[in-house]
Amino acid sequence: FFSAAMSALAGVLKYGALVVTGIGTALLWAYVVHACHEGNTWWSEITVPERELTFVSEQAFYLLYFKRAADADTPMADVVHRLLHDDTVEHPAACNALRRFTVYPEVLLGL
């Protein structure tokens, strides 16, 4: 009985050590990525409009749809209508931006 309990305890400790090592590595990696990003952009020191200017191409494109959906003054029905009949991208033709550009995540987070 004693050897079986010790064997089970050794297995738990072995996998527990792996889990703790994995979590520690993930936290260290997150800190390194944050430090590199902060070192390159000084993200915490700039204003929101300056942050938005740092976005390029697709980042700015998807931010536009997120901001449209997150705008508190616009009713949700207007947001959906503007996304389904978007004429800002392919003017004068209107397109369904939700389907064409797959902006579902941005819209769901914005609502």
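## Charges

Let's start with the charged groups. The chain carries 7 positive and 12 negative charges, and the mean positions of these two sets lie 9 Å apart. Keep in mind that what you are looking at is a predicted model.

## Helices and overall shape

If you trace the chain from its start, you will meet 6 helices and 0 strands. Written as a pattern along the sequence, that reads α-α-α-α-α-α. The radius of gyration is 24 Å, while the globule rule gives 13 Å for 111 residues, so the chain is more spread out than a compact globule.

The outline can also be put as a box: along the principal axes, the C-alpha atoms of the chain fill roughly 80 × 35 × 25 Å.

## Surface, burial and contacts

How much of the chain counts as buried? The share is 14% of the 111 residues. The accessible surface of the chain comes to about 8,700 Å², and carbon and sulfur atoms account for 69% of that area.

Contacts tell another part of the story. Taking those in the chain with a separation of 6 or more, 34% are between residues 24 or more positions apart.

## Confidence in the model

Which elements have the lowest and the highest mean pLDDT? The lowest value, 78, belongs to helix α2 (residues 48–54), and the highest, 86, to helix α1 (residues 2–41). For the chain, the mean pLDDT is 81, with 97% of its residues reaching 70 or more.

Methods:
Residues are numbered from 1 along each chain as its sequence is written. This is a predicted model: local features need pLDDT of at least 70, side-chain atom pairs count only at pLDDT 80 or more; totals for chains, interfaces and linings use all residues. Side-chain values use heavy atoms; hydrogens and water are left out. Helices (H or I, at least four residues) and strands (E, at least two) are DSSP runs, numbered from the N terminus. The radius of gyration is taken over C-alpha atoms; the globule rule is 2.2 Å times the number of residues to the power 0.38. Buried means under 20% relative accessible area, exposed over 50%, partly exposed in between (1.4 Å probe, protein chains only). Contact means heavy atoms within 4.5 Å. Accessible areas come from the Shrake-Rupley method with a 1.4 Å probe; for residues, only the protein chains shown count as cover. Lys and Arg count as positive and Asp and Glu as negative; His and the chain ends are not counted. The place of a charge is taken as NZ of Lys, CZ of Arg, CG of Asp or CD of Glu. pLDDT is the predictor's confidence in each residue, from 0 to 100.
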